[in-house]
Amino acid sequence: MSLLLAIQGWDRSAWADRLRRLAPDRTIRVWPDDEDLAGIRYALCWKPPEGLLARLPDLEVIFSLGAGVDALLGDPELPGKPLVRIVDPDLTGRMTEWVVLQVLMHHRMQRRYDESQRAKQWAPLDQPPAAAVGVGIMGLGVLGRAAAKALRSLGFKVSGWSASPKEIPDIACFHGTDGLVPFLTETDILVVLLPLTPDTEATIDYGLLSGLRRTNHMGGAVLINAGRGRLQVEEDILRALADGILAAASLDVFAEEPLPPSSPFWTHQKVTVTPHVAADSDPDTICREILRQIANYEAGRPLENVVDRRRGY
Ligand code: NDP
Ligand code: OXD
């Protein structure tokens, strides 16, 4: 019985090498090199081609190599086997780093100091403390909570928004449609860490951005999105930047990836672009985690972090 690696968009040889080294007693097949799909019990996937998993007659468990499962759930032929996603301290720590980096860059007005430096201008700006700034996190799951706690420990006024009610010490928690407006009203810097589902698609639109607080030292609200590109309406972000509703945006994810050369985000003065790297899946860490889960499963213990297909995350 073997494992299949089905990866698009990442370096599959790095994953295959690592998995073979960590599981020398197992047969590792790699799509598309291996054509024989019989005998595969476990599929380890990142954006596999649609319909591939439906062709595995012996499949028992689908493992996502990332935290988000929108690409897998978007496969109309996805088999109804358990779908397990990544929850791992390494990935969580990487996301926390990226979010804290972006929040501090905007709060400390680093982009303006970069401009001053290039112009050889010694131009100090008024700097309020973190406690004067509201950071609102959309999505209080594994990644949102960790980022919220790190930002709180830096002194920011942190709030969060989720589907169901939450209680997190020192963090103002809002939920559902009714909680959205009060959540936005207190938010200068909006951090998006939602999963992409039919309910969350295109949530970040002009109307939502207009609800953010803009009377702050940054000259407007700030949007930071590391969730998924299709959560945001990209032309609405550009309009909000042009209208001064948004002072700046940091975007790690886009509706089309890689971001096409024609995208105005590349050269926009107020936009920071990173190429979907906020929290990379490290092959060594993730393969170890999946092999741990497989060992548990084969010992009759329950799988962890199984996706609730009804909710879509
Ligand atoms: P979780 O499933 O742990 O958390 C998701 C959160 O979103 C939950 O708090 C959930 O609410 C909330 N949520 C979902 N739907 C809604 C809705 N309709 N309204 C309000 N809140 C909602 O996910 P993670 O924190 O692990 O990951 C979040 C996302 O981050 C991933 O799905 C992926 O898209 C993205 N990601 C991006 C990476 C990158 O490098 N850019 C890397 C890794 C992940 P509730 O708690 O009530 O269920
Ligand atoms: C993930 C990602 O979902 O890297 O893990 O986007």
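In this predicted model, ligand 2 sits among seven named neighbours: Trp46, Gly66, Ala67, Gly68, Arg228, His276 and Ala279 surround it. Sorted by class, that shell holds 3 nonpolar residues, 3 polar ones and 1 charged one. Two of the polar contacts come from the backbone. At Ala67, a backbone N or O atom is found 2.7 Å from an oxygen atom of ligand 2, and at Gly68 a polar backbone atom is likewise 2.7 Å from an oxygen atom of the ligand. His276 joins in with its side chain, where a polar atom lies 2.6 Å from a ligand 2 oxygen. On its own, ligand 2 would expose 210 Å², and the protein buries 90% of that.

Ligand 1 has its own set of neighbours. There are 30 residues around ligand 1, and the ones that come nearest are Arg85, Ser164, Lys166, Asp252 and Tyr313. By class, the shell around ligand 1 splits into 16 nonpolar, 8 polar and 6 charged residues. Some of the shell can be traced to particular elements: α3 (89-107), α5 (142-153) and β7 (157-162) each put in at least two residues. As for polar contacts, Gly141 brings a polar backbone atom to 3.0 Å from an oxygen atom of ligand 1, while Ala226 has a backbone N or O atom 2.9 Å from one of the ligand's nitrogen atoms. The side chain of Tyr313 takes part too, with an N or O atom 2.6 Å from an oxygen of ligand 1. Taken alone, ligand 1 has 940 Å² of accessible area, of which the protein covers 91%.

Tyr313 turns up again away from the ligand contacts. The charged end of Arg311 is placed over the Tyr313 ring, 4.1 Å from the ring centre. So Tyr313 is one of the residues that come nearest to ligand 1 and also carries a charge over its ring. A second arrangement of this kind involves Arg239, whose charged end sits over the ring of Tyr206 at 3.5 Å from the centre.

Next come the aromatic rings. A search of the whole structure turns up 6 aromatic pairs. One of them joins Tyr42 and Phe63, with 6.3 Å from centre to centre and 55° between the planes, a tilted arrangement. This pair ties together distant parts of the chain: Tyr42 belongs to strand β3 (residues 40-46), Phe63 belongs to strand β4 (residues 61-64), and the two are 21 residues apart. Both of these residues, Tyr42 and Phe63, are buried. Tyr42 also pairs with Tyr297; here the ring centres are 6.0 Å apart and the planes meet at 85°, so the pair is edge-to-face. This link reaches across 255 residues, from Tyr42 in strand β3 to Tyr297 in helix α9 (residues 283-298). The two partners differ in how covered they are. Tyr42 has a relative accessibility of 1% and therefore counts as buried, whereas Tyr297, at 25%, is partly exposed. Elsewhere, ring pairs gather Trp10, Trp15 and Trp46 into a cluster, and Trp46 is also among the residues that surround ligand 2.

A few loop residues round off the picture. Thr200 is located in the loop between β9 (189-192) and α7 (206-210). With a relative accessibility of 12%, Thr200 counts as buried, and its side chain reaches the backbone oxygen of Pro195 at 2.6 Å. Ile204 has its place in the loop between β9 and α7 as well. Its relative accessibility is 1%, so Ile204 counts as buried. From Ile204 to Trp266, the C-alpha atoms are 19 Å apart in space, and the residues are 62 apart in sequence.

Phe156 lies in another loop, the one between α5 and β7. With a relative accessible area of 0%, Phe156 is buried. Its C-alpha atom is separated by 25 Å from that of Gln232, which is 76 residues away along the chain. The two elements on either side of this loop, α5 and β7, are among those that each supply at least two residues to the shell around ligand 1.

Key
Residues numbered from 1 in each chain as written. Chains lettered and ligands numbered in written order. Predicted model: local features only at pLDDT ≥ 70, side-chain atom pairs only at ≥ 80, totals over all residues. Heavy atoms only, no water. Phe/Tyr/Trp six-rings, centres within 6.5 Å; stacked < 30°, edge-to-face > 60°. Helix = DSSP H or I, 4+ residues; strand = E, 2+ residues; numbered from the N terminus. Buried < 20%, exposed > 50% of the residue type's maximum accessible area, 1.4 Å probe, protein only. Lys NZ or Arg CZ within 6 Å of the ring centre and 35° of its normal. Near = heavy atom within 4 Å. Polar contact = N/O pair within 3.5 Å; in protein donor to acceptor, adjacent residues only side chain to side chain. Areas by Shrake-Rupley, 256 points an atom, 1.4 Å probe, with all protein chains shown as cover. Nonpolar A, V, L, I, M, F, W, Y, C, P; charged D, E, K, R; others polar.
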